[in-house]
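Visitor: I am new to this structure. Could you walk me through it and tell me how each label is earned?

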Amino acid sequence: MTAGTLDDTAATVEVHDVHKWYGAHRVLNGVDLTVRPGEVTVILGPSGSGKSTLLRVINHLEKPEIGHVSLNGELIGVRRHGDRLKELSERVILTQRSRIGFVFQNFNLFPHLTVLDNVAAAPVATGKLGKAQALELARELLGRVGLADKVAAYPRQLSGGQQQRVAIARALALRPGVILFDEPTSALDPELVGEVLAVIKDLAGSGTTLVIVTHEIGFAREIADRVVFMDDGRIVEQGPPAEVLDHPKQERTKDFLSKVL
Amino acid sequence: MSESPGVAVSAEQAPPAEAIPRPDDPAAPADQKPLAAQRVLPIRRPGRWIATAVVLVVVAQIIHGLATNPFYQWDRFGYWFLRPTILDGLLITLEVTLYSAVLGLVGGILLALARLSRSPVLRAVSWVYIWLFRSVPLIVVLLFLYNFSALYATLSLGIPFGPAFFTFDESRLATDMVVAVIGLSLNEAAYAAEVVRGGILSVDQGQHEAASALGLPKRYQFAKIVFPQALRSITPNYVNQLIGLIKGTSLVFYVSLLDLFGSVQSMGSTYPGDIVPLLLVATVWYLILTSVVSVVQFYVERYYARGATRTLPPTPLQKLRAGVTDLRARIRKEAAV
């Protein structure tokens with residue numbers, strides 16, 4: 001185990017031949033993906049193609065039936081035991097998760113805590129920072145997402161765009177090696193999408209590893225180093241945005257893009 | 001009570017033809033405000049006034065009956081209300097309630113966690129416990145416990161059929177108070193478990209996911225994220241339980257513990273002529289206890305509403321102030337018109 005040494009440095013994420021199914025329904029059918037440090041990867045695809053499940057497998061919110069995920073070479077949620085994989089205890093998995101930021105479609109802020117406490121809670125609870133340092137960091141991060149004046153508010157007193165920016169600050173507070181975004185703008189009114197995308201764009205420029213599931217094709221073209229197109233639980237095609245978005249090789253990709261563009 | 005708003009409106013518009021002229025009325029004085037700038041008169045509701053009058057008469061009659069009917073013997077009520085025997089009983093009631101409420105809630109939380117756990121054994125044990133104690137009447141549980149010391153003279157903790165680590169002499173341990181508290185707590189825990197479980201289930205799944213995704217330790221997730229949000233729906237249900245418990249304590253009389261009801265009963269058998277005022281004494285004390293609990297409930301609920309609503313509900317004092325201010329403003333307005 002090399003736990004605790006990755007903070008603050010952009011991480012490599014490797015997904016190896018991941019299969020996931022619920023009963024007879026196959027959600028992921030052998031996904032391989034490598035995300036290099038500092039790279040911004042945007043995952044596109046029709047609904048039900050397994051994009052969100054893939055993200056949730058990366059931070060082990062979902063357990064893959066076959067295959068595994070590693071962060072900087074360290075297996076997530078499992079350990080090697082001879083030539084087999086054994087599940088780790090929940091405590092170790094929680095520690096691993098604290099190095100992977102996750103931003104939800106529905107924000108999932110803690111409604112009974114103030115904005116400041118939402119951001120400061122995780123570094124204190126996981127023992128990474130003392131209370132005073134955590135509050136200082138939370139203020140700094142909230143300033144970075146443009147919400148320095150909202151520290152004392154409760155989440156439900158904020159707009160959707162503001163809530164999502166708090167959620168991003170909350171994910172950043174653990175100084176994760178990679179941040180996963182699960183359709184971060186899908187629950188927002190159109191005029192609020194821009195403020196959230198601006199914050200994500202700012203992060204992309206700062207060299208953090210990002211994996212983003214989104215339907216914003218224009219945004220993907222603008223910030224992605226790589227675009228991954230998924231359908232039916234598989235990666236159909238991947239490459240730089242200019243290649244995948246403008247000159248797709250696969251029929252399925254062409255078909256999807258012709259519908260959404 | 002049938003109302004006809006249409007009639008009320010037309011009746012309102014018709015008579016003061018001088019005061020509110022129609023805009024197309026050529027005879028309208030030039031200094032009259034245009035129709036758009038005039039205050040809208042509220043609709044009259046005669047039905048509501050009649051209903052109010054009827055209810056007030058009935059209430060007045062009930063109060064009059066209560067005050068003047070010699071059957072209630074209010075002088076005897078005054079004599080008994082603060083008697084030491086009654087107050088001793090009240091103290092017992094409060095003690096039994098307090099201990100059982102705390103033990104019952106702690107037990108309920110543990111049972112709820114067991115029922116929500118991933119271990120099938122814990123789930124089954126919790127389910128059976130809740131099933132059993134919700135099925136057996138409290139009085140049966142109490143009498144069972146009361147006779148328990150006769151069935152088992154000593155109680156020991158150890159390996160079944162093996163050595164015992166601790167041995168209690170039960171006849172000394174099981175005072176009436178202990179029997180009452182254990183009985184009520186066993187019963188209370190079964191109901192509290194369902195209240196707590198319902199509260200935990202009412203917390204959005206996204207909250208569990210967010211807490212997990214942040215890597216918050218399991219204990220922290222429950223204590224700081226899930227449980228405080230669950231308390232919002234646990235509070236009103238548990239207070240309901242608590243009020244039931246306060247009244248349920250009157251059953252401890254049957255295990256020879258003289259609580260409020262018990263003292264009233266025993267005084268009533270000594271002074272049969274005073275049984276009605278004595279029952280009134282018990283009634284008023286139970287009313288007072290329930291009222292105190294309700295007031296506490298209001299403030300506890302308000303505390304846990306932080307963040308759940310954009311603005312907190314006003315306290316009664318704030319409501320009163322706002323009401324007075326509003327009334328003054330209306331009187332001033334009426335006076336100005």
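Guide: What follows is a set of short questions and answers about a predicted model.

Visitor: Let us begin with a sheet. How are the strands of the open four-stranded sheet in chain A ordered?

Guide: The order is β2-β1-β4-β5, and the pairing is antiparallel.

Visitor: What makes β2 and β5 of chain A edge strands?

Guide: Count the partners. β2 (25-35) and β5 (74-75) of chain A each have a single partner strand, so one side of each has no neighbour in the sheet.

Visitor: How do you know that β1(A) and β4(A) pair?

Guide: Two strands pair if there are at least two bridges between them. Strand β1 (residues 13-22) and strand β4 (residues 66-71) of chain A are joined by five bridges. The test is therefore met. These two strands run antiparallel. Glu14(A) stands opposite Ser70(A), and Val13(A) has Leu71(A) as its bridge partner.

Visitor: What makes β4(A) and β5(A) count as a pair?

Guide: They have two bridges, in the antiparallel sense. The cut-off is at least two, so they qualify. Here Ser70(A) stands opposite Leu75(A).

Visitor: What lies between these two strands of the hairpin, and which residue there takes a positive phi?

Guide: Two residues lie between the strands of the hairpin, and Asn72(A) takes a positive phi near 50°. Asn72(A) is not a glycine. Its place is the loop between β4 and β5 of chain A.

Visitor: Why is Asn72(A) called partly exposed?

Guide: Its relative accessible area is 29%. Partly exposed covers the range between under 20% and over 50%. Asn72(A) therefore takes that label.

Visitor: Which residue of chain B also has a positive phi without being a glycine?

Guide: Ser256(B), with a phi of about 55°. Ser256(B) sits in the loop between α10 and α11 (260-270) of chain B. At 41% relative accessibility, Ser256(B) counts as partly exposed.

Visitor: Back to chain A. What makes both faces of strand β8(A) covered?

Guide: Look at each side of β8 (residues 100-103). Ile100(A) and Phe102(A) are buried on one side, and Gly101(A) and Val103(A) are buried on the other. In a regular strand the side chains alternate between the two faces of the sheet.

Visitor: How many bridges link β8(A) to β9(A), and in which sense do they pair?

Guide: Four bridges, in the parallel sense; β9(A) spans residues 178-182. Val103(A) has Phe181(A) as its bridge partner in β9(A).

Visitor: Now the helices. How does the span of α4(A) compare with what is expected?

Guide: Helix α4 (residues 131-144) of chain A has 14 residues. It reaches 20 Å from its first C-alpha to its last, close to the 20 Å expected at 1.5 Å a residue.

Visitor: Why are the buried residues of α4(A) said to line one face?

Guide: The buried residues are Ala134(A), Leu137(A), Ala138(A), Leu141(A) and Leu142(A). Seen down the helix axis, they fall within an arc of 135°, so they line one face of α4(A). On the other side, Ala132(A), Glu136(A) and Glu140(A) are exposed. An α-helix has 3.6 residues a turn, so residues three or four places apart point the same way.

Visitor: Why is α5(A) called largely enclosed?

Guide: 13 of its 13 residues are buried, so the rest of the structure largely encloses α5(A). Its end C-alpha atoms are 18 Å apart, which agrees with the expected 18 Å.

Visitor: How do you know that Arg170(A) of this helix is buried?

Guide: Arg170(A), in α5 of chain A, has a relative accessible area of 2%. Buried means under 20%, so the label fits. The C-alpha atoms of Arg170(A) and Ala138(A) are separated by 7.8 Å, though these residues are 32 apart along the chain.

Visitor: Last, a pocket. Which elements supply at least two residues each to the lining of the second largest pocket?

Guide: α2 (90-97) of chain A, with α4 (84-116), α8 (176-201), α9 (205-213) and α10 (218-248) of chain B. α10(B) gives the most, with five residues. The pocket holds about 1000 Å³ of space.

Visitor: What kinds of residue line the second largest pocket?

Guide: Ten are nonpolar, seven polar and ten charged. The lining has 27 residues, and among those nearest the centre are Glu90(A) and Arg118(B).

Methods. Residues numbered from 1 in each chain as written. Chains lettered and ligands numbered in written order. Predicted model: local features only at pLDDT ≥ 70, side-chain atom pairs only at ≥ 80, totals over all residues. Heavy atoms only, no water. 1 Å grid on protein atoms, 1.4 Å probe; cavity = no way out; pocket = protein on both sides within 12 Å on 5 of 7 lines; lining within 4 Å. Points joined across faces, edges and corners; volume = space filled by probe spheres on them. Nonpolar A, V, L, I, M, F, W, Y, C, P; charged D, E, K, R; others polar. Buried < 20%, exposed > 50% of the residue type's maximum accessible area, 1.4 Å probe, protein only. Expected span 1.5 Å × (residues − 1). Arc of directions from axis to C-beta.
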